Every structure is written in structure tokens, then in C-alpha cells.
Amino acid sequence: MTNFNKSAELLKEEATSFATAARVKYYDIVIDHGQGAVITDVDGNDYIDLLASASSTNTGHAHPKVAKAIAEQASKLIQYTPAYFANPNAAKLAPKLAALSPISGDVEVAWGNSGSDANDAIIKFSRAYTGRQYIVTFTGAYHGSTYGSMTMSSVSLNMTRKMGPMLPGIVKVPFPDPWEQEADETEQHFVDRMFSQFELPFETYLPAEEVAAIVIEPIQGDGGIIKVPDAYMQKLYAFAKEHGILFCVDEVNQGMGRTGKWWGIQNFPGVEPDLMSVGKSVASGMPLSAVIGRKEIMESLGAPGHLFTTAGNPVTTAASLATLEVMEEEHLVERSAELGQLAKDFFKQEAQEFDFIGNVRMYGLNGGIDIVDPSTGKGDSDATTMIMNRVFELGAIIISLRGSVLRFQPPLVITEEQLKQAFAILHQAFSEYQAGQLTMPTCHHMGW
Ligand SMILES: Cc1ncc(COP(=O)(O)O)c(C=O)c1O
């Protein structure tokens, strides 16, 4: 019988001095170790990880090659600040990432410690290069937790509540959410309607010639795993080019093979960013991020315009070099596409059987599954909570987005057998929910 005694003890100890703002509430477990797509808590309970540490361990937990690279480098030199002196790993990694980026011509890289600061870098470099002040971002976006990236975000009131004033010069426009599309509306009409909402600020108070950058997640992660409609993306890109606005993409969540391509933006042929932010899985979860961009933009700031004591340090960059090797050797980008198709087939099949499963979106091994009230078609957060909690009890970790979207992002190394086990768990939870056998967990509120 499963017990959570050690987790409970540790959480009690932590609670005496840990800030509420620093963790979103889900399950009361303390993670002890992991291997591949399985994590184990301090009480020895195993879980199939369908979250991949928020898409930051695409190569799986404790990948032997990544772990070895970290250990070997740590025994040689853990840190000497790249802000003053280069290290061999960072020196090798910068050109590799530049070459891997979807940006043509000369490309440069600047390191950071988190996806958030990489997005702040987009603000800095785009303002410096263009000499313009405004940045346009989208509702539903999550760009991070520093002041700049938080101001660019628009996904939770708790990310601005009591903290203002936020960074000036950030303008938010509506993201083309599928929920906004009317039942009888054609895709073209929907795109035109949403794009006219995008244009409204530019026609009324926002001079395009004062806009430095448009920043977008080509597939919104925390917004619900939502792909921008192709035609909308083409219009947006054309608009940016027409007005000399830098087109910038946030690849922190959806990059590194997550969508079945190296980068999320590669799902949109012909669209090439000027700047992009990467983080999370770039170093298999070690704290490394980067802003990557056209050289002339990246050269618009002088030192110390964007540097940090530990950013690009020898250990994190060793992890990243090993990560890139693993991605190639194990064909993880292709694997994401292939296993993603299996997952898509599974969830579509479930949606046929269970009327509370709404829209299923799957791009690579990367999905958002809407849980709805069948009588209204609207998101049902209580149902989502009951299902997630049951999945947890049955031995898999899944969380939600926007309250009523199941977030499906396993490590890309998950085996087919593990994936099928996860499908069986999900199917059981769906069936029990359908049969009215599930109740709300004692902790009623999970997620944001
Ligand atoms: C799209 C996106 N951008 C930026 C971030 C922020 O990254 P970090 O938490 O490493 O600062 C996240 C984190 O979830 C994200 O999903």
C-alpha cells in the first residue's frame, strides 16, 4: 500500500520557512530520484512522468550521458564566471546553438540562467537595436517570472497582483485562442477577425514605427498547448517585416524537440525569427538559458549589457553539450513526432468514447487535452482536478493548464511500453470519472 510518510514529514519541515508564492499546488510528494521517464518520491512510490519537469527534461531524468558530463566537469571546475573569462564548454556550445537555431546568416548567443531572463534579453536587445520602446506580446502567454518577462506574460493575476508598476512599454494583444472561434465560423474568418484585434492598437494608439518587437510563443505552452493558426502567423510575420519590427519567439517550453521539430517556429514554414529565447531542456534542466539572434541585433549592446555571474558556467554548458549529443544520437526530435502520433491517436480515440473530452491538440509528444462539461462545452476544472488526482493515485504525474486542460509532456525518451502504461492509467481515470466514481481530493484547488 502506498504511503507518503516521508514526503509528509519533509513538507511539514519545509512549510515552516517556504514561501507560498514559490510553488503551484499539486500533489504532496517530495521527489527523490528519477530515471528516464520515471520519477520516484522519498517514500519509494514510482510515477510515470507526463510532465517532464515542465518540459525541462526532454532527455529524461538522470540521462547517463548528461549525468556523466556534469559529474566530470564538476570534479574539474564547477564555476568560473563566464562574465569575465571563457570556459571550453561554453566556447563550444555557442556556435553549436547558433548553427542549430532557425535563424540564417551570422548568429550570436548570450547566456542566462532561466527562460525568464532570456525573455528579458529579448526586450533589451530589441530596444537597443531598433531604438524603439514598445514590445507587443499576447494574452495567455507565459514568458517567466522576472519583472520584464512577467510583464510580457498574461496568464495569471497573481503575476501582477500587488507587484506593480510593471515594466512600461509592453502592449498585450489577444492570442488567437481556439476557444474564441465561433462554432459556425470558418478558419479564414476567425483569423481575419483575430488579426483585426491585433491591428486595433496600431490603428488607435500604438505607432508601429515605435514598436521594437513582437514576441510570441508559436505554440503557447501554459496557455493550453495552442498552435497559432498558420494564416495568422503569416499575417503577423508580414506585419512585422513591413514595419521593421523584430519578430521574436519564445522557445523555452516548446523548443528542443518538444513539438516534433527542433523548434516550435519550424512548424510554420517560411517564418524566421530575429531573436529567440531558449531554456529548460537546453541543458536537460540545469540552469542555462540563452537568447539567440541575428548578429547585428546581438551586437547592439555593449558589456555589461547582458551578463550574469553563473550564466554559461562550465557545468551547465557541459550538460547542454551532452544534451545535444543525446538528442542527435537517440533521434529524439523524430521520436517526439512518432510517439506524438501515438498519443494523438490515443486521445482522439478517448474523445470518441468520453463526451467530457473536448478538443485534443497534439504537436509532437506535447499535448493539451480539454476537459469540458458536456452540457455546455466549457472547460470543467472540477472534472480536471478529479481526473488528474486519480491519474496520480494510479501512478503517473500529470498537471493542468488554464484549470481545465490536461498537460501532456512526457520526456522524449519515454519507452513505448511506458507510454502504453500511461494510456492505460489515463483510460482508467477517464472511465471512473464517467462512471461517477471519482470524488474531489481533500485539496480542492490544484494549479494556478
Ligand atoms: C514559454 C515559456 N517561457 C519562459 C518560461 C520561463 O522559464 P523559467 O521558469 O526557466 O524562467 C517558461 C516557463 O515555464 C515558459 O513556459
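Into which domains is the chain divided? Domain 1 takes in 5-59 + 332-434, and domain 2 runs over 66-329. The model is a predicted one, so read the legends below with that in mind.

**View 1. Domain 1 and domain 2, with their C-alpha centres 25 Å apart.** Where the two meet, domain 1 puts in 28 residues and domain 2 puts in 29 residues. People often give the size of an interface as the accessible area that is lost when the parts come together. Here domain 1 and domain 2 bury about 2200 Å² between them, and 51% of that sits on carbon and sulfur atoms. On the domain 1 side, Val-333, Tyr-363 and Arg-402 give up the most area to domain 2. Put together, those three residues make up 29% of what that side buries.

**View 2. Polar links across the interface of domain 1 and domain 2, with 25 residue pairs in polar contact.** Which elements each supply at least two residues of the side of domain 1 that touches domain 2? They are helix H2 (52-55), helix H11 (332-353), strand E13 (357-362), strand E14 (367-371) and strand E17 (405-408). H11 brings the largest share, with four residues. Sorted by character, the domain 1 side that touches domain 2 has twelve nonpolar, twelve polar and four charged residues. As for salt bridges, there are two between domain 1 and domain 2.

**View 3. Arg-402 and Asp-177, joined by a salt bridge.** Zoom in on the two side chains and you'll find an N to O distance of 3.3 Å. Arg-402 turns up here again, having been listed with Val-333 and Tyr-363 as the residues of domain 1 that lose the most area to domain 2.

**View 4. The ligand and the 13 residues that surround it.** The closest are Gly-115, Ser-116, Tyr-142, Asp-250 and Lys-280. Look at the side chain of Ser-116 to start with: an N or O atom there is 2.5 Å from an oxygen atom of the ligand. Lys-280 also uses its side chain, with an N or O atom 2.8 Å from a ligand oxygen. With Tyr-142 it's the backbone that matters for the distance: one of its N or O atoms lies 3.2 Å from a nitrogen atom of the ligand.

**View 5. Glu-108 and Lys-295, a salt bridge between distant parts of the chain.** The side chains come to 3.8 Å, N to O. Glu-108 belongs to strand E4 (residues 107-112) and Lys-295 to helix H9, and the two are 187 residues apart. For the whole model, the count comes to 18 salt bridges.

**View 6. Backbone oddities in three loops.** Most peptide bonds are trans, and most residues other than glycine have a negative phi. Gly-164 and Pro-165 are joined by a cis peptide bond, with omega about 0°. You'll find Pro-165 in the loop between helix H6 (147-152) and strand E6 (170-173). Ala-303 and Pro-304 are also linked by a cis peptide bond, with omega about 0°, and Pro-304 sits in the loop between helix H9 (295-298) and helix H10 (314-329). What about Ile-225: is its phi positive or negative? It's positive, near 55°, in a residue that isn't glycine. Ile-225 is in the loop between strand E8 (219-220) and strand E9 (226-227).

Notes: Residues numbered from 1 in each chain as written. Predicted model: local features only at pLDDT ≥ 70, side-chain atom pairs only at ≥ 80, totals over all residues. Heavy atoms only, no water. Domains from an automatic or database assignment. Contact = heavy atoms within 4.5 Å. Buried area = accessible area lost by both parts, 1.4 Å probe. Salt bridge = Lys/Arg side-chain N within 4 Å of Asp/Glu carboxyl O. Polar contact = N/O pair within 3.5 Å; in protein donor to acceptor, adjacent residues only side chain to side chain. Nonpolar A, V, L, I, M, F, W, Y, C, P; charged D, E, K, R; others polar. Near = heavy atom within 4 Å.
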